[in-house]
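Visitor: I have the sequence and the model open on my bench screen. Could you walk me through a few parts of the fold?

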Amino acid sequence: MPKRNLITIGVADTASEAASLMRKEGISQLPVVDGKVLVGLLTEDGILQYLASGQQSRSTLVRQIMNRSVSTVEMSSPISTLNDELLKTGSVVVIDKDRQPVTILTKIDLVEYLIGQDSKEGAAV
């Protein structure tokens, strides 16, 4: 699994704060947490749709524009599950047993992992 700091945003943060954070960190998606639990995902597409709607307001909260349907896998999920989810959605949030986000994986992460494997079968995320 890639070793990088996961940046998250809270449900009560503003959309403006989220856009600024994404720009500052050079990232295209933010796991949205309520406390420490994953409850959604905010993507560049979500921000663009929000801005294009003409309804933007400084008080719009992340919870109002986040995607609540998030593709997730657990740390112990088999590579085949990860592969299936990545083919459907392009990215997945890896969560721990308490639904706390650990990292985001994309297709290139899986490619790099598989290239580095010694053809082990049934390897976990």
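Guide: Happy to; we will take a helix, a helix pair and a hairpin in turn, bearing in mind that this is a predicted model.

Visitor: Which residues of helix α2 are buried, and why do they line one face of the helix?

Guide: Helix α2 spans residues 44-52, and its buried residues are G46, I47 and Y50. Seen down the axis of α2, they fall within a limited arc, so they line one face of the helix. That arc is 100 degrees.

Visitor: What is exposed on the other side of α2, and what covers the buried residues?

Guide: On the other side, D45, L48, Q49 and A52 are exposed, each having over 50% relative accessible area. The cover over the buried residues of α2 includes α1 (15-25), β3 (37-43) and α3 (62-65).

Visitor: Which residues of α4 and α5 meet, and at roughly what angle do the axes cross?

Guide: From α4, the residues I79, L82, N83 and L86 meet K107, L110, Y113 and L114 of α5. These residues divide into 6 nonpolar, 1 polar and 1 charged. α4 passes α5 in a left-handed crossing. The axes come within 10 Å and cross at roughly 145 degrees.

Visitor: How do β5 and β6 run, and which residue in the turn has a positive phi?

Guide: Strands β5 (residues 91-95) and β6 (residues 101-106) run antiparallel, joined by 5 bridges. V92 of the pair stands opposite L105 in β6. The two strands form a hairpin with 5 residues between them. In the turn, the residue with a positive phi, of about 65 degrees, is R99.

Conventions: Residues are numbered from 1 along each chain as its sequence is written. This is a predicted model: local features need pLDDT of at least 70, side-chain atom pairs count only at pLDDT 80 or more; totals for chains, interfaces and linings use all residues. Side-chain values use heavy atoms; hydrogens and water are left out. Axes are lines fitted to C-alpha atoms, for helices over the stretch in contact, and angles run from 0 to 180 degrees between N-to-C directions. Helices (H or I, at least four residues) and strands (E, at least two) are DSSP runs, numbered from the N terminus. A crossing is left-handed if the near helix is turned anticlockwise from the far one by less than a right angle, and right-handed if clockwise. Contact means heavy atoms within 4.5 Å. Ala, Val, Leu, Ile, Met, Phe, Trp, Tyr, Cys and Pro count as nonpolar, Asp, Glu, Lys and Arg as charged, and the others, Gly among them, as polar. Buried means under 20% relative accessible area, exposed over 50%, partly exposed in between (1.4 Å probe, protein chains only). The arc is that of the directions from the helix axis to the C-beta atoms. Two strands pair if DSSP finds at least two bridges between them.
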